[in-house]
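Work through the exercises below with the structure in view. Try each task before reading its solution.

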Amino acid sequence: MEKLRQFILKRDWKQLFAFCAILWLGLNFFQALFTEMLSDEAYYSLYGQRLAWGYFDHPPMVALMTHVSAMFFGGNLSVRLVTVLMQFFTLLLVWKLIDEKEITTRKIALFFSLAFSMVMFQAYGFVTTPDVPLLFFSVLFLLFYKKFLQNESWINTLMLAVSMSGMIYSKYHAGLIIGLVILSNLKLLTRYKFWIAGALALISFMPHVCWQISMDFPSLQYHLNDRSNPFEWKYWLEYIPNQLVVFNPFVFGAMVYIFIKYRAKDLFEKALYFITIGFVAFFWIMSLRGHVEPHWTVICTVPMIVLMYNRSLQDAKLLRFVKRWVVPSIILIFVIRIVFVTDWLPNYMHFHGKATESKDIETIAGDLPVVFVGSYQSPSNYRFFTGKQSSTLSYMDQRSTQFDIWQDELKWQGKSVFMCYQWTDKAKEYTVNGKTFYGFFAKNFQTVSRVKIDYEIEQKSIHAGDTLTIDFIISNPTNIDINFKHEEFPVSWNAVYMWSDRVADRIFCPCNLVQPINWLRAKSAVKGSLKTVVPDVPESGNHFTLTLFNTVYMAKNAKFIQLEVEKR
């Protein structure tokens, strides 16, 4: 350590900055090349192959990133090239945020030490997610917000618009960033040029809004409703420990100290306070309605780096803490990065083994399309690592995905496919390279995933043992006729009662149609009614739906409703 210290002190600050920046870039290129693709990255690589103004989960910026990356490289860099470069420029912009006048080698060493110590900030130097462009455009936004406070020029106004547009095209969290900055300085609402910047950003976002409207707002439905769950203490209690991991526990502790001891010295620093505290507080509140992904607060790493740098230079006690605890933690982070390149981590963590597994399935399926059930990760991995066709079918109570928008499985109706799915009587056991896989070959594939069922239950008082009569309209929006008496995939109706997320806490009841349906023609709808016997279920908290079962899985065909079943 002493030799490293002497090496740093003997360098010119420009040499040291260039050395650290190139080291940062080189490490990320190395990591991007040799760390196995994560499942979500494989998913986003498919986005890039089908550019659009929007996607089920996110705005389109991450798709553009993977699309551009694939124009220059294959393999891992076909997904990660733009990420590595974008995060490098993010780092440089963070330095510009500090706007240091009297630069020394010690200050350069402090800056890079703080940047290296941020766990998730490092991770987004080689892992492609929507957070990568969000970080870049957020730093750009903060930089020109700082300039705007000094000079409300048209150039600064235009760059505010560009950065806000980039943020909202990256991730919907952009709205929270902009809102917190406005809350930190309400006088912005009296600045007409700030309104112009916002209007320009909003106009640029209209293609995505039009896409959402044309698709019936899938992203809004997913983020506001589908991710909402009943309150559980574990979600609330796990939040802060997860944040300690995301930011580095020593950094998190230092920031608490800064917020308690120091007040913001100007409007720009006040915005940094609002973003950091606001993001952490907002998502802690959000944990009351379900699990919060730890990385959702990663944008806070930027104000944290800036604030810790500034305060460390004026607070000797804080600087000693940084040197004693924060800087040494970089060694542990570096070791973790090395581990990610290896196959030392357990298989259940899914950091490696996906390439081998996908190629083993390819050995079974050959050139046939592979259809999975209830997983967007598996078909994404299969497509990325084999280049072969694959898709997934959403199970009755699982989240929809971009695959539900693409609907690739419709291209294979009536054709041969390999169904890679274990939980069906049709599944057979296959062993490849000592590993066991389950699935079966279908000669005449048929799915009912795109069928929609609208239903009404008019009975007000429902008791266990009652015969429930339900009026319904079943529609087939596809161009393919559906055979309910199909030889391989016959279709039956089921009423489903659920009272928790556990698989064991659900009951499937057969339904009898008053007028049987043998065929559901393409682009048609049929009215009918069915009868089903109400089972003995808990009196409260029951969710009810209708689903079609094709001997493989329960499809997502109808909405869930709250249904109270009374005891006799």
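## Exercise 1: A loop residue and its phi

Phe217 sits in the loop that links H12 to helix H13 (218–226). The model is a predicted one.

**Task.** Find the sign of phi for Phe217, and decide how exposed Phe217 is.

**Solution.**
- Step 1. Start with the general rule. Most residues other than glycine have a negative phi.
- Step 2. Read the angle. Phe217 has a phi near 50°, which is positive, and it is not a glycine.
- Step 3. Check the surface. The relative accessible area of Phe217 is 36%. Partly exposed covers the range between 20% and 50%. Phe217 is therefore partly exposed.

## Exercise 2: A second loop

**Task.** Do the same for Asn433, in the loop between strand S4 (428–432) and strand S5 (435–442).

**Solution.**
- Step 1. Phi of Asn433 is near 55°, again a positive value in a residue other than glycine.
- Step 2. The relative accessibility of Asn433 is 66%.
- Step 3. The cut-off for exposed is over 50%. Asn433 therefore counts as exposed.

## Exercise 3: The length and setting of H5

**Task.** Compare the expected span of helix H5 (residues 77–98) with the distance between its end C-alpha atoms. Then decide how enclosed H5 is.

**Solution.**
- Step 1. H5 has 22 residues. The expected span uses 1.5 Å times one less than the number of residues. That gives 32 Å for H5.
- Step 2. The end C-alpha atoms of H5 are 31 Å apart, which agrees with the expected span.
- Step 3. Of the 22 residues of H5, 18 are buried, so the rest of the structure largely encloses this helix.
- Step 4. Look just past the end of H5. There Asp99 takes a positive phi of about 55°.

## Exercise 4: H5 against H17

**Task.** Describe how H5 packs on helix H17 (residues 301–314).

**Solution.**
- Step 1. Pick the two quantities. Two packed helices are described by the angle between their axes and the distance between the axes.
- Step 2. For H5 and H17 the angle is about 45°, and the axes are 10 Å apart.
- Step 3. Name the arrangement. H5 and H17 are therefore oblique to each other.
- Step 4. Give the hand. The crossing of H5 and H17 is right-handed.
- Step 5. List the residues. H5 brings Val94, Trp95, Leu97 and Ile98, and these meet Val302, Ile305, Val306, Tyr309 and Asn310 of H17.
- Step 6. Sort them by class. This contact has 8 nonpolar residues, 1 polar and no charged ones.

## Exercise 5: H16 against H17

**Task.** Repeat the description for helix H16 (residues 267–286) and H17.

**Solution.**
- Step 1. H16 and H17 pack at about 130°, with axes 9 Å apart.
- Step 2. That angle makes H16 oblique to H17.
- Step 3. H16 and H17 cross in a left-handed way.
- Step 4. From H16 come Glu269, Leu272, Tyr273, Ile275 and Thr276. They meet Pro303, Met304, Val306, Leu307, Asn310 and Arg311 in H17.
- Step 5. By class, the H16 contact with H17 holds 7 nonpolar, 2 polar and 2 charged residues.

## Exercise 6: Asn310 in H17

**Task.** Is Asn310 buried or exposed? Which residues does Asn310 contact, leaving aside neighbours within four places in sequence?

**Solution.**
- Step 1. Asn310 belongs to helix H17.
- Step 2. Buried means under 20%. Asn310 has 18% relative accessibility, so it counts as buried.
- Step 3. With those sequence neighbours left aside, Asn310 is in contact with Ile98 and Glu269.
- Step 4. Look along the chain. Asn310 and Lys107 are 203 residues apart in sequence, and their C-alpha atoms are 10.0 Å apart in space.

## Exercise 7: What surrounds H3

**Task.** Which residues of helix H3 (residues 39–49) are buried, and which helices do they pack against?

**Solution.**
- Step 1. The buried residues are Ser39, Glu41, Ala42, Tyr43, Tyr44, Ser45, Leu46, Tyr47 and Gly48.
- Step 2. That is 9 of the 11 residues of H3, so the rest of the structure largely encloses H3.
- Step 3. The buried residues of H3 pack against helix H4 (61–72), H5, helix H20 (354–365), helix H21 (377–386) and helix H22 (402–406).

Conventions. Residues are numbered from 1 along each chain as its sequence is written. This is a predicted model: local features need pLDDT of at least 70, side-chain atom pairs count only at pLDDT 80 or more; totals for chains, interfaces and linings use all residues. Side-chain values use heavy atoms; hydrogens and water are left out. Helices (H or I, at least four residues) and strands (E, at least two) are DSSP runs, numbered from the N terminus. Buried means under 20% relative accessible area, exposed over 50%, partly exposed in between (1.4 Å probe, protein chains only). Axes are lines fitted to C-alpha atoms, for helices over the stretch in contact, and angles run from 0 to 180 degrees between N-to-C directions. Angles under 35 degrees count as roughly parallel, over 145 as roughly antiparallel, 65 to 115 as roughly perpendicular and the rest as oblique. A crossing is left-handed if the near helix is turned anticlockwise from the far one by less than a right angle, and right-handed if clockwise. Contact means heavy atoms within 4.5 Å. Ala, Val, Leu, Ile, Met, Phe, Trp, Tyr, Cys and Pro count as nonpolar, Asp, Glu, Lys and Arg as charged, and the others, Gly among them, as polar.
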